Amino acid sequence: MMKIVVCIKQVPDTTEIKLDPVKGTLIREGVPSIMNPDDKGALEQALIFKDLYGAEVTCVTMGPPQAKAIIYEAFAMGVDKGILITDRRFGGADTLATSYTLSQAIKTLDYDVIFAGRQAIDGDTAQVGPQIAEQLDLPQVTYVEEVKYKEGDKFLTAKRGIEEGHEIVEVDFPCMLTFLASGYEPRYMSVHGIMEAYDKEILVMDADSFPVDPERLGLKGSPTSVKKSFTKGAKAMGTLHDEVTPEEAVDIILEKLKEKFIL
């Protein structure tokens, strides 16, 4: 039986996010938390494999105690096991410290493949998944939109999105794949799943639950930090040129390009 670990993250709904104009920091109070969209794509692919081949799906998330909410959501969608990695010693972690912590916890699990979203909408770095693969010395495929598997094979065939189109890649087990939400339509939580979700036990792991180097955790293990967050500046209103001939339009464009020193 294929065993799949899916890394998921609880994130603030960025459509509701506002910035403190003085501090330049995110205002999280009153902002709803959701499961990261790209992670839902990864989770949907894992559940497709469960439907087709009876795969066992374990979801793992790192965050504060309230992150249990997305594990219960995952249970209601069909996940078999859920793990919450939480400890104040993990607080303030950048992508490197986060990937280290997650990889050390995943080392204690039995898995064939690890799935994760391409990136989280609260950071947009797309670093944690590839860093987990590096920490675990696994082959990785990123920007995945579709995966094919034939029962009995020891590899997956992944379709990944690239700027020029698509790329088809075969990758042997064990491996790490990161997914694009655009490739999937995540299933809804079922009524039966919701009723059973809160009867399932979430395994809670802290910094004493698996071997770690304390110097590589949280703020202490983070070589990077966010100095300031800010919104994009408003653009000036453009000039509308109405009822001009094609020749006049060309002259206007050339003049603007010269003003910008492009020509």
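How much accessible surface does the protein have, and what percentage of it belongs to carbon and sulfur atoms? In this predicted model, in which local features need pLDDT of at least 70, side-chain atom pairs count only at pLDDT 80 or more, and totals for chains, interfaces and linings use all residues, the accessible surface comes to about 15,700 Å², with 53% belonging to carbon and sulfur atoms, as given by the Shrake-Rupley method with a 1.4 Å probe, where for residues only the protein chains shown count as cover. Residues are numbered from 1 along each chain as its sequence is written, and side-chain values use heavy atoms, with hydrogens and water left out.

The protein has six helices and 13 strands, these being DSSP runs numbered from the N terminus (H or I over at least four residues for helices, E over at least two for strands). An open sheet of nine strands follows the order S11-S10-S9-S12-S8-S1-S6-S7-S13, with mixed pairing, two strands being paired if DSSP finds at least two bridges between them. Strand S11 (165–172) and strand S13 (202–205) stand at the edges, each with a single partner strand, so one side of each is left without a neighbour in the sheet. Within the sheet, strand S8 (residues 113–117) runs parallel to strand S12 (residues 175–179) and is joined to S12 by five bridges; Phe115 has Leu177 of S12 as its bridge partner.

Helix H1 (residues 37–53) packs on the sheet and touches strands including S1 (3–7) and S6 (56–62), contact meaning heavy atoms within 4.5 Å.

Notes: Axes are lines fitted to C-alpha atoms, for helices over the stretch in contact, and angles run from 0 to 180 degrees between N-to-C directions.
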